[in-house]
Each structure stands twice: as structure tokens, then as C-alpha cells.
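Here are a few exercises to work through with the coordinates open beside you. Try each task before reading its solution.

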Amino acid sequence: MSEHFAEKKFTIPTLKGISEKTITEHMKLYAGYVKFANLIQDQITELLSDVEKNAYAIGELNRRFAFEFDGMRNHEYYFHSLEGGHMVLDSDSALKKAIEKEWGLFDVFLTRFKAVALTRGIGWAMLSCDPHTKKLITSWVDEQHIGQLIGLQPILALDMWEHSYLFDYIPAEKKNYVEAFFENLNWSVIEENYKKAVQ
């Protein structure tokens with residue numbers, strides 16, 4: 001049996017506009033994704049004893065695995081970006097230069113990304129890097145996994161499921177949650193994600 005995925009621990013300081021209760025409850029949901037990603041893998045292993053008999057169950061578990069696994073990984077990017085307290089993006093950083101190359105001005109990128117975050121529905125706003133072209137791409141991912149762009153390396157992940165802000169904002173105020181996220185974002189983490197993506 002393959003080794004289980006490990007639940008990561010995050011040290012998140014007091015945030016502006018995002019309550020400790022929200023983070024605590026949100027972390028429990030993350031733990032659930034880790035648990036069920038592991039459980040599904042174990043169940044598939046057991047069902048492989050008779051592939052023909054268990055074909056339907058194996059197929060459904062494989063479909064569900066994408067949801068649980070992507071939920072786990074998306075949340076790891078999200079929580080890690082809130083560790084260490086708010087830090088701005090250095091004006092001479094490689095990521096800022098790449099953003100300006102792609103969109104001209106950093107504020108143009110921010111407007112674009114925040115617009116993605118306000119997409120109707122539940123899901124994630126993502127900034128990713130295509131390692132083939134080094135191009136930065138903003139995108140929306142439905143739920144955890146529908147619309148993930150193949151081969152891209154996530155740089156920045158913003159959770160837009162209601163559980164990420166509902167203790168602090170009503171759904172009609174989710175724009176305020178987006179603003180709060182950026183007020184707390186540790187851009188040095190995002191910079192490191194970018195450097196790894198373009199290595």
C-alpha cells in the first residue's frame with residue numbers, strides 16, 4: 001500500500017478581516033480532504049482484488065479522488081500564503097516583473113484576478129504559471145477540480161467557497177473577503193511559488 005498523504009500544519013497569525021473562527025473551521029475542512037484522499041486510495045487498493053466485479057466502484061472512486069486531492073492541494077497553497085503575516089511584493093521581484101510583462105501594470109493584474117474571484121458559484125481563483133512558456137495565467141476552477149488547467153503550476157490560490165468567509169461576511173459581501181485576503185497575503189510565499197515554477 002502506498003504511503004498516505006500527510007496533513008500539513010500551518011501557523012497563521014491574527015488576520016485583518018478574516019476571523020480566527022473562520023480559519024479554525026476552514027482547517028477542519030482541509031483535514032477532511034486529506035482524510036478522504038487517503039481513504040479513497042485505500043478503498044481502490046482493496047477493490048483491485050477483483051477489477052471486473054468492482055469496475056463501477058473503482059471508476060466512481062477515481063472520479064471522487066480528483067475532488068478530494070485537489071481540495072487538499074488547493075488549500076495547502078491557500079493557507080501557506082497566509083503564513084508569516086502580510087508582506088508586499090518587492091518592486092524588483094521576478095514575479096512582479098513577470099506580472100508587468102503579462103499585464104502591463106500590477107494593478108491591472110489585481111483587477112483581473114479579483115474579477116476572477118467574483119465569478120458566480122463556488123470554486124477557486126488561481127494564478128498559475130505555464131512551465132512550458134513561463135506565461136502567467138489567471139483562471140477559475142469550479143468546486144476544487146473542474147477547470148484545472150493541465151500542466152500549470154499554481155502560484156496563488158484564493159478559496160471562494162462560502163465556507164472561507166461565511167462567519168465574517170454574507171455572500172453579497174464576498175468582495176470584502178477578497179480585499180481582506182489581499183490585505184493579509186504574504187507575497188514572499190507567492191514569489192517562492194513562482195521561482196519554483198520557472199526553475
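**Exercise 1. Aromatic rings**

Find which residues ring pairs link into a cluster with Phe-10 in this predicted model.

*Solution.* Start with a search of the whole structure, which returns 19 aromatic pairs. Next, follow the ring pairs from residue to residue: Phe-10, Tyr-30, Tyr-78, Phe-79, Trp-103, Phe-106, Phe-109, Phe-113, Trp-124, Phe-181, Phe-182 and Trp-187 are linked into a cluster.

**Exercise 2. One pair in detail**

Classify the aromatic pair of Phe-181 and Phe-182, and decide whether Phe-181 is buried or exposed.

*Solution.* Two quantities describe a pair of aromatic rings: the distance of the centres and the angle of the planes. For Phe-181 and Phe-182 the centres are 5.4 Å apart and the planes make 85 degrees. Planes over 60 degrees apart count as edge-to-face, and that is the class of this pair. Now for accessibility, where buried means under 20% relative accessible area. Phe-181 has 0%, so Phe-181 is buried. Phe-182 has 9%, so Phe-182 is buried as well.

**Exercise 3. Helix α3 and its partners**

Work out how the axes of α3 and α4 are oriented to each other, then do the same for α3 and α6.

*Solution.* Take helix α4 (residues 106-117) to begin with: its axis and that of α3 come within 8 Å and cross at roughly 80 degrees. Angles of 65 to 115 degrees count as roughly perpendicular, so α3 and α4 fall in that class. On the α3 side the contact involves Lys-96, Ile-99, Glu-100 and Trp-103, which meet Phe-106, Val-108, Phe-109 and Arg-112 of α4. Sorted by class, this contact has five nonpolar, no polar and three charged residues.

Turn to α6 (residues 187-197). The axes of α3 (residues 94-103) and α6 come within 9 Å and cross at roughly 75 degrees, so these helices are roughly perpendicular too. Here Ala-94, Leu-95, Lys-96 and Ala-98 of α3 touch Trp-187, Ile-190, Glu-191 and Tyr-194 of α6. The class count is six nonpolar, no polar and two charged residues.

**Exercise 4. A polar side chain in α2**

Is Asn-74 buried or exposed, and which residue offers its backbone oxygen to the Asn-74 side chain?

*Solution.* Locate Asn-74 in helix α2 (residues 55-80). Its relative accessibility is 3%, so Asn-74 counts as buried. A polar atom of the Asn-74 side chain lies 3.0 Å from the backbone oxygen of Gln-144. Finally, list the neighbours, leaving out residues up to four places away in sequence: Asn-74 touches Trp-124, Met-126, Gln-144, Gln-148 and Ala-157.

Methods
Residues numbered from 1 in each chain as written. Predicted model: local features only at pLDDT ≥ 70, side-chain atom pairs only at ≥ 80, totals over all residues. Heavy atoms only, no water. Axes fitted to C-alpha atoms, helices over the stretch in contact; angles between N-to-C directions. Helix = DSSP H or I, 4+ residues; strand = E, 2+ residues; numbered from the N terminus. Parallel < 35°, antiparallel > 145°, perpendicular 65-115°, else oblique. Contact = heavy atoms within 4.5 Å. Nonpolar A, V, L, I, M, F, W, Y, C, P; charged D, E, K, R; others polar. Buried < 20%, exposed > 50% of the residue type's maximum accessible area, 1.4 Å probe, protein only. Polar contact = N/O pair within 3.5 Å; in protein donor to acceptor, adjacent residues only side chain to side chain. Phe/Tyr/Trp six-rings, centres within 6.5 Å; stacked < 30°, edge-to-face > 60°.
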